[in-house]
Amino acid sequence: MEHLRIGILAPPWIPVPPPAYGGIEAVLATLGAALVRRGHAVRMVAPEGSRIAGVEIVETPLPTLPMGDVVGDFAHALAGLDALRDVDVVLDHSGVAAAALADAHPVPMLHVCHGSSVGVLGQVYVGLARRVRTLRLVAISETQRRSLPPAATVGVCHNGLDVDDVPFGDGGGGYLAFVGRMAPEKAPDAAIRIARAAGLPLRMAAKCRDEREQAYFDARVRPLLGPDVEWLGEIDHAARGQLLADALALVFPITWEEPFGMVMIEAMAAGTPVLATPRGAAPEIVVDGVTGYLRHGEAELAGAAGRVGAIDRSACRAHVERHFSGTAMARAYERVIRTTLEDAHTPTALAG
């Protein structure tokens, strides 16, 4: 059966896979490798230093501009799309700059929405859907899909990870874990209060690089640190995996409509239950009472922390293997690619 030439446009700011924090970049490393295993030829445009076995990498210089600067986004998108003119389809994970250029690209493009589609970014997608005739959006959760322009949205592809790359643990560290970034919507200060109310120590690892993150840490988190709360800073992939494997549970008390939440599937792959507020995609990812607990408010989450011993850690890992593995993600992308190419009347065939 014929396979595809798939182009992937990564964001311009962090190599793939990421050396430390980088959720999209970690997803792309897994996706590229999984598509290659399924017989496709994959070319990825990504920042210098990117390396994925079996994937052709077209490197672009790391921008000297601040992360998220629109000029850097457009420069990367223009160069990247020039390098992806002879593939069958482009999966754009780079941001809205490339999505705005879809009409001018000679092959079908799918724009994957990694940010929140509620608020300003959602308004941008609505505006693009009115102006970009060939715009095709892919949501990373059903929750996100509901707030995207229906006519332009072609499907849902949940994020995934390489489960074999995550160490399985028994929670022998006896602590709760918080992993993420220093931002009010991630509520690291709430994680501290939840752990204290549950009478359990907390270990925290989070991205804290830019001025806003540092200001939030100094104002809301640093004053709460103590002998029962260990601040680890930003740690690499291997250290994060071990931190989660040794934890009794991951505390994920988000206060926003998170479109996915990679650390939840990382934790469950390690056998670690998730304690989360039922916001955003959390109810799609965590099976309440099976792979963790979904509860409203700090008091309810603290109470649920005392019951994580009832969760079968092997069931947590099995849940990720079934629904959020690299293979499951690759198959989901194959489905939306098939639909897109059929609609574009492009003759092709996909691996089963």
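Which residues make the nonpolar surface patch of about 420 Å²? In this structure, which is a predicted model, the patch is made by Leu 65, Val 70, Val 71, Phe 74 and Leu 78. Val 70, one of these residues, is found in helix H2, which covers residues 70-82, and with a relative accessible area of 51% Val 70 is classed as exposed, because the term applies to values over 50%.

From this patch one can step back to the chain as a whole. The chain has 13 helices and 13 strands, and its C-alpha atoms fill a box of roughly 60 × 40 × 35 Å when the box is taken along the principal axes. For a chain of 352 residues, a compact globule would be expected to have a radius of gyration near 20 Å, and the chain, at 20 Å, agrees with that expectation. Buried residues make up 56% of the 352 residues in the chain.

The surface also carries charge. A negative patch is formed by Asp 162, Asp 164, Asp 165 and Glu 321. Glu 321, the glutamate of this group, is found in helix H12, which runs over residues 313-323, and its relative accessible area of 41% makes Glu 321 partly exposed.

Charged side chains also meet in pairs, and the structure holds 18 salt bridges. One of them joins Asp 189 to Arg 193, with the closest N and O atoms 3.6 Å apart, which lies inside the 4 Å limit used for such a contact. Both residues lie in helix H6, residues 188-198, where they are four residues apart, about one turn of the helix. The two ends of this bridge have their own exposure classes, since Asp 189 is buried with a relative accessible area of 3%, whereas Arg 193 is partly exposed with a relative accessible area of 36%.

Just before helix H6 in the numbering comes Ala 187, which lies in the loop between strand S8 (175-181) and H6. Phi of Ala 187 is near 55°, a positive value in a residue other than glycine. Is Ala 187 buried or exposed? At 3% relative accessibility, Ala 187 counts as buried, because that class takes in values under 20%.

Another salt bridge is formed by Lys 207 and Glu 213, whose closest N and O atoms are 2.5 Å apart, and in this pair Lys 207 is buried and so is Glu 213. A further bridge links Arg 279 with Glu 257, again with the closest N and O atoms 2.5 Å apart. Why does this pair tie together parts that are 22 residues apart in sequence? The reason is that Arg 279 lies in the loop between strand S12 (274-276) and helix H10 (282-285), while Glu 257 lies in the loop between strand S11 (247-252) and helix H9 (262-269). Arg 279 counts as partly exposed at 30% relative accessibility, and Glu 257 counts as partly exposed at 33%. Salt bridges that share partners also join Asp 189, Arg 193, Arg 220 and Glu 298 into one network, so that the pair within helix H6 belongs to a wider set of charged contacts.

Separation along the sequence can be set beside separation in space for two further pairs of residues. Gly 23 and Asn 159 are 136 residues apart in sequence, yet their C-alpha atoms are 9.6 Å apart in space. Gly 23 is found in helix H1, residues 23-37, and at 33% relative accessibility Gly 23 counts as partly exposed. Pro 223 and Gly 280, in turn, are 57 residues apart in sequence and 29 Å apart in space, C-alpha to C-alpha. Pro 223 is found in the loop between helix H7 (211-221) and strand S10 (229-233), and with a relative accessible area of 57% Pro 223 is exposed.

A last feature concerns the backbone ahead of helix H1. The peptide bond from Val 16 to Pro 17 is cis, with omega near -5°, and Pro 17 lies in the loop between strand S1 (5-9) and H1.

Technical notes:
Residues are numbered from 1 along each chain as its sequence is written. This is a predicted model: local features need pLDDT of at least 70, side-chain atom pairs count only at pLDDT 80 or more; totals for chains, interfaces and linings use all residues. Side-chain values use heavy atoms; hydrogens and water are left out. Patches are made of residues with over 30% relative accessible area and no salt bridge: like charges are joined within 9 Å, nonpolar side chains (Val, Leu, Ile, Met, Phe, Trp, Tyr) within 5 Å. Accessible areas come from the Shrake-Rupley method with a 1.4 Å probe; for residues, only the protein chains shown count as cover. Lys and Arg count as positive and Asp and Glu as negative; His and the chain ends are not counted. The place of a charge is taken as NZ of Lys, CZ of Arg, CG of Asp or CD of Glu. Helices (H or I, at least four residues) and strands (E, at least two) are DSSP runs, numbered from the N terminus. Buried means under 20% relative accessible area, exposed over 50%, partly exposed in between (1.4 Å probe, protein chains only). The radius of gyration is taken over C-alpha atoms; the globule rule is 2.2 Å times the number of residues to the power 0.38.
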